Amino acid sequence: MEPLAYYFNLTPNEFWNATYRQVNTYIQAQIIKILDDFKRNIQLDEAVTNKLIRADSMSKKPKVIPLRETFKNLFKN
């Protein structure tokens, strides 16, 4: 857990002076923030492009897929 706390900018002093519960809560909040930022970026990209084109070199008919459908497990509301 220590490396993860440092990754999220918790200083060593803050880490060692905090309880397990405090560190865990801090890390969970940071993960939620990252996920929310990711969702916000998807929504922004969708507003600009509104699609992903799924194709390969062998396909003659590429599929146009909305970003929300591609990441539907993130938007389960």
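This is a short guided tour of the structure above, with a suggestion at each stop for what to select next.

**Before you start**

You are looking at a predicted model, where local features need pLDDT of at least 70, side-chain atom pairs count only at pLDDT 80 or more, and totals for chains, interfaces and linings use all residues. Residues are numbered from 1 along each chain as its sequence is written, and side-chain values use heavy atoms, with hydrogens and water left out.

**Stop 1: the whole chain**

Show the protein as a cartoon. You should find four helices and two strands, arranged along the sequence as α-α-α-β-β-α. Helices (H or I, at least four residues) and strands (E, at least two) are DSSP runs, numbered from the N terminus.

Next, colour the chain by pLDDT, the predictor's confidence in each residue, from 0 to 100. The average for the protein is 83, and 84% of the residues score at least 70. Which element has the lowest mean pLDDT? Select residues 52-54: this is strand E1, with a mean of 60, while helix H2 (residues 12-17) has the highest, 94. Where pLDDT is low, the predicted coordinates should not be read in detail.

Now switch on the surface. The accessible area, from the Shrake-Rupley method with a 1.4 Å probe and with only the protein chains shown counting as cover for residues, comes to about 6,500 Å² for the protein. Carbon and sulfur atoms own 56% of that surface. Of the 77 residues, 16% count as buried. Buried means under 20% relative accessible area, exposed means over 50%, and partly exposed lies in between (1.4 Å probe, protein chains only).

**Stop 2: the nonpolar core**

Hide the surface and select Ala-5, Phe-8, Leu-10, Phe-15, Val-23 and Ile-27. These six residues make up the largest nonpolar core. Such a core is a set of buried Ala, Val, Leu, Ile, Met, Phe, Trp, Tyr and Cys residues joined through side-chain atoms within 4.5 Å.

Centre the view on Val-23. Which residues does Val-23 touch, leaving out those up to four places away in sequence? They are Met-1, Ala-5, Leu-10, Phe-15 and Ala-18. A contact here means heavy atoms within 4.5 Å.

**Stop 3: Asn-9**

Move to Asn-9, in the loop between H1 and H2. With a relative accessibility of 64%, Asn-9 counts as exposed. Its phi is near 70 degrees, a positive value in a residue other than glycine. Most residues other than glycine have a negative phi.

**Stop 4: a patch on the surface**

Bring the surface back and select Leu-4, Tyr-7, Ile-31 and Ile-34. Together they form a nonpolar patch with about 400 Å² of accessible area. Helix H1 (2-7) and helix H3 (20-48) are the elements that give two or more residues to this patch. Patches are made of residues with over 30% relative accessible area and no salt bridge: like charges are joined within 9 Å, and nonpolar side chains (Val, Leu, Ile, Met, Phe, Trp, Tyr) within 5 Å. Leu-4, in helix H1, is partly exposed at 38%.

**Stop 5: salt bridges in helix H3**

Show the side chains of Lys-33, Asp-37 and Arg-40. How many salt bridges does the structure hold? The count is two, where a salt bridge is a side-chain nitrogen of Lys or Arg within 4 Å of a carboxyl oxygen of Asp or Glu.

- Lys-33 and Asp-37 meet at 3.3 Å, N to O. They are four residues apart in helix H3, so about one helical turn separates them.
- Asp-37 and Arg-40 meet at 2.8 Å, N to O. These two are three residues apart in helix H3, so they too are separated by about one helical turn.

The three residues are thus linked in a network of salt bridges. Lys-33 is partly exposed at 47% relative accessibility, and Asp-37 is partly exposed at 27%.

**Stop 6: the end of the chain meets helix H3**

Finally, select Phe-75, in the segment after helix H4 (67-70). Is Phe-75 buried or exposed? With a relative accessible area of 17%, Phe-75 is buried. Leaving out residues up to four places away in sequence, Phe-75 touches Lys-39, Ile-42, Gln-43 and Arg-68. Phe-75 and Lys-39 are 36 residues apart along the chain, yet their C-alpha atoms are separated by 8.1 Å.

Add Leu-35 in helix H3, which is partly exposed at 36%. The C-alpha atoms of Leu-35 and Leu-74 are separated by 8.6 Å, with their positions 39 residues apart along the chain.
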